[in-house]
Amino acid sequence: MRGEIASADAMIVYSHGKGHGHCGWGGAIKNIAMGNYTCKTRGAIHALIDTEFDWNEELCTHCYLCRDNCPAGAISFNEQDKLGINMHHCRYCMHCVRACPQETIKINQEGIRQFQTGMARVTKACLETFEQNRVLYINHVTNVTPFCDCWGFSSPSIVPDVGIFASTDIVAIEQASIDSIKTENYIQGSLPHPLVVRDDVEGHLLHKIHSKDPYLQVEETANAGLGSREYELKEIE
Ligand code: SF4
Ligand code: SF4
């Protein structure tokens, strides 16, 4: 954990709520789990999502049908002709699995939960260094873009601005923020290529866009005892 955080008496977690290619939603949990830790820990957490695909190199004939049939541009081959899948971009459509004549690719979605469990665990470790009620969370659910702000570009909002949430409960504010982004409010044409809202995926709008359930991190953080998924909204004009 970063030294400034470890020695702080109190913390305000100020987050822009938006979509995220690795975990569906990027808000307070993501901010703490990634922003308050060193590159080494962040890398270890990201590596958890990479455990979910398997490629049998010996059977591969390098026909590249998998790469050419990937709608997300997630598959590449390096100079040694080894296959790599960018799990940030992957939508779990399984086109590559079905396109492969050698049946060499296997993908499961367990890595998504492992990644989000990792985020919940380091979030807990960070929050345990603060006394009770010494952390305030503020989530801006405005300019909700599909991708994280750490990319070097932005894109139009995918839903109209909702507002600003504040709470001392990280689980409740994340649950309320994600709940406020409704599929029916999706602004047609706002997604950059090649993202789409998938009709064949059930659930939240961000789940339909990234094929990663944004609520998993909330569930895992609640399981870690960091707050309640039940909340009451008090609106202030
Ligand atoms: S599952 Fe779909 S999005 Fe993911 S790598 Fe395969 S073809 Fe691409
Ligand atoms: S489709 Fe299968 S055989 Fe062809 S390059 Fe991809 S993994 Fe290899």
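**Salt bridges, an open sheet and its surroundings**

Asp68 is exposed, with a relative accessible area of 53%; here buried stands for under 20% relative accessible area, exposed for over 50%, and partly exposed for the range in between (1.4 Å probe, protein chains only). The structure is a predicted model, in which local features need pLDDT of at least 70 and side-chain atom pairs count only at pLDDT 80 or more, while totals for chains, interfaces and linings use all residues. Residues are numbered from 1 along each chain as its sequence is written, chains are lettered from A and ligands numbered from 1 in the order in which they are written, and side-chain values use heavy atoms, leaving out hydrogens and water.

Asp68 also takes part in a salt bridge with Arg67, at 3.3 Å from N to O; a salt bridge is a side-chain nitrogen of Lys or Arg within 4 Å of a carboxyl oxygen of Asp or Glu. Its partner Arg67 is partly exposed, at 34%. The structure holds six such salt bridges. In one of them, Lys82 meets Glu57, with the closest N and O atoms 2.9 Å apart. Lys82 sits in the loop between β5 (75-77) and β6 (83-85) and Glu57 in the loop between β4 (53-55) and α4 (65-68), so this pair ties together parts that are 25 residues apart in sequence. Helices (H or I, at least four residues) and strands (E, at least two) are DSSP runs, numbered from the N terminus. Another salt bridge joins Asp200 and Arg198 (2.9 Å, N to O). Asp200 is exposed at 56%, whereas Arg198 is buried at 13%. Arg113, Glu219 and Glu220 are joined into one network by salt bridges that share partners.

Attention now turns to the sheet. Three strands make up an open, mixed sheet in the order β1-β8-β9, where two strands pair if DSSP finds at least two bridges between them. β1 (11-16) and β9 (163-167) are the edge strands, each with a single partner, so one side of each has no neighbour in the sheet. Neighbouring strands are turned by 15 degrees against each other on average, direction ignored; axes are lines fitted to C-alpha atoms, for helices over the stretch in contact, and angles run from 0 to 180 degrees between N-to-C directions. β1 runs parallel to β8 (residues 135-141), with six bridges between them. Among the bridge partners are Ser15 and Asn139 of β8. Helix α2 (residues 28-35) packs on this sheet, touching β1 and β8, and its direction makes about 115 degrees with that of β1; contact means heavy atoms within 4.5 Å.

The two faces of β1 contrast: Met11, Val13 and Ser15 are covered, while Ile12, Tyr14 and His16 are uncovered. Leu136 belongs to strand β8 and is partly exposed at 33%.

In the loop between β8 and β9 lies Thr145, which is buried at 7%. Leaving aside neighbours within four places in sequence, Thr145 contacts His16, Lys18, Gly19, Ser154, Ser155 and Pro156.

Finally, helix α9 (residues 216-223) has Leu216, Gln217, Val218, Glu220 and Thr221 buried. These buried residues pack against β3 (24-26), α2, α6 (110-127) and α7. Just after α9, Gly225 adopts a positive phi of about 80 degrees.
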